[in-house]
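Subject: Structure for you to look at

Hello,

Here is the structure I promised to pass on. Please open it and keep it beside this email as you read.

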Amino acid sequence: MNRAAYEHALIIGKFYPPHRGHEYLIESALLHCRRVSVLVLASSAEQLPMEPRARWLRECFPRAEGLRVIAQLDDVPMDFDDPDIWRAHVAVMRHALDRSADERGEREIPIDVVFSSEAYGAELARHFDAAHVCLDRARALHPVSG
């Protein structure tokens with residue numbers, strides 16, 4: 001892959017808390033994409049608020065051009081086997097991306113790749129009609145996971 005292999009990458013997670021594996025995903029996406037949107041998806045039941053998690057990620061990449069870190073509440077239940085649940089989560093994500101673009105006075109650029117290290121990554125990419133790049137699924141490079 002080269003710097004412009006993809007236009008707009010999506011990375012999602014709880015980042016509860018952010019760790020080196022998350023940083024690796026973001027670094028990798030920044031190397032190969034013009035824009036990288038990181039969605040910090042939080043539940044209202046979690047003890048650690050989403051805004052500090054988003055701020056910590058921004059602070060890890062202070063000079064990263066094209067990086068957007070977006071905090072969004074997502075109280076949709078988790079069920080990777082339910083297509084309605086998938087659609088609801090994707091709707092939350094699309095809303096967050098659109099809101100962020102509106103706040104910047106920009107037009108939202110379609111997601112063309114999803115970076116993940118999780119089994120759900122391919123399905124998420126399918127919902128965005130995007131490619132999927134799976135990195136370190138076995139946690140060999142960075143043996144950490146939320």
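Below is what was found in it, from the overall layout down to single residues.

**Overall layout**

Please remember that this is a predicted model. The mean pLDDT of the protein is 91. Of its residues, 90% reach 70 or more. Among the elements, S3 has the highest mean pLDDT, at 98, and H1 has the lowest, at 93. Where pLDDT is low, predicted coordinates should not be read in detail.

The protein has four helices and five strands. Along the sequence they follow the pattern β-α-β-α-β-α-β-α-β. Of the 146 residues, 49% count as buried. Now take the contacts between residues at least 6 apart in sequence: 67% of them join residues at least 24 apart.

**Strand S1 and its partners**

Start with S1, residues 6–13. Is it enclosed or open? Seven of its eight residues are buried, so the rest of the structure largely encloses S1.

S1 pairs with S2, residues 33–42. The two run parallel, and seven bridges join them. One pair to find is glycine 13 in S1 and its bridge partner in S2, valine 40.

S1 also pairs with S4, residues 113–116. This pairing is parallel too, over two bridges. Here alanine 9 has valine 113 of S4 as its bridge partner.

Next, trace the chain from S1 through H1 to S2. These three elements make a right-handed β-α-β unit.

**Helix H1**

H1 covers residues 20–32. Does its length agree with what its residue count predicts? At 1.5 Å a residue, its 13 residues should span 18 Å; the end C-alpha atoms are 19 Å apart, which agrees.

Which residues of H1 are buried? They are Gly21, His22, Tyr24, Leu25, Ile26, Ser28, Ala29, Leu30 and His32. The elements that cover them include S1, S2, H2, S3 and S4. In an α-helix there are 3.6 residues a turn, so residues three or four places apart point the same way.

**The nonpolar cores**

The largest nonpolar core has 23 residues. Which of them have the most contacts inside it? They are Ile11, Ile26, Val36, Val38, Leu67 and Phe115. S1, H1, S2, H2, S3 and S4 each supply at least two residues of this core. H1 gives the most, with five.

Another core lies apart from this one. It has 17 residues, among them Ile12, Ile111, Val114 and Leu124.

Phenylalanine 115 is a good residue to select. Leave out residues up to four places away in sequence, and Phe115 touches Ala9, Leu10, Ile11, Leu25, Ser28, Ala29, Cys33, Val133 and Leu135.

**Helices H2 and H3**

H2 spans residues 50–60. Its buried residues are Pro52, Arg53, Ala54 and Leu57. Their cover includes H1, S2 and S3.

In H3, residues 83–103, look for serine 100. Is serine 100 buried or exposed? Its relative accessibility is 2%, so it counts as buried. Serine 100 touches Arg68 and Ile70, again not counting residues up to four places away in sequence.

**Unusual backbone spots**

Most residues other than glycine have a negative phi, and most peptide bonds are trans. Three places here are worth a look with that in mind.

Two lie in the loop between S1 and H1. Phenylalanine 15 is found there. Its phi is positive, near 55 degrees, and it is not a glycine. At 2% relative accessibility, phenylalanine 15 counts as buried. Proline 17 lies in that loop as well. The peptide bond from tyrosine 16 to proline 17 is cis, with omega near 0 degrees.

The third is aspartate 129. It lies in the loop between H4, residues 121–127, and S5, residues 131–134. Aspartate 129 is not a glycine, yet its phi is positive, at about 50 degrees. Is aspartate 129 buried or exposed? Its relative accessibility is 73%, so it counts as exposed.

Best wishes

Definitions and conventions:
Residues numbered from 1 in each chain as written. Predicted model: local features only at pLDDT ≥ 70, side-chain atom pairs only at ≥ 80, totals over all residues. Heavy atoms only, no water. Buried < 20%, exposed > 50% of the residue type's maximum accessible area, 1.4 Å probe, protein only. Pairing = 2+ DSSP bridges. Right-handed = clockwise from strand over helix to strand, strands pointing away. Core = buried A, V, L, I, M, F, W, Y, C linked by side-chain atoms within 4.5 Å. Contact = heavy atoms within 4.5 Å. pLDDT = per-residue confidence, 0-100. Expected span 1.5 Å × (residues − 1).
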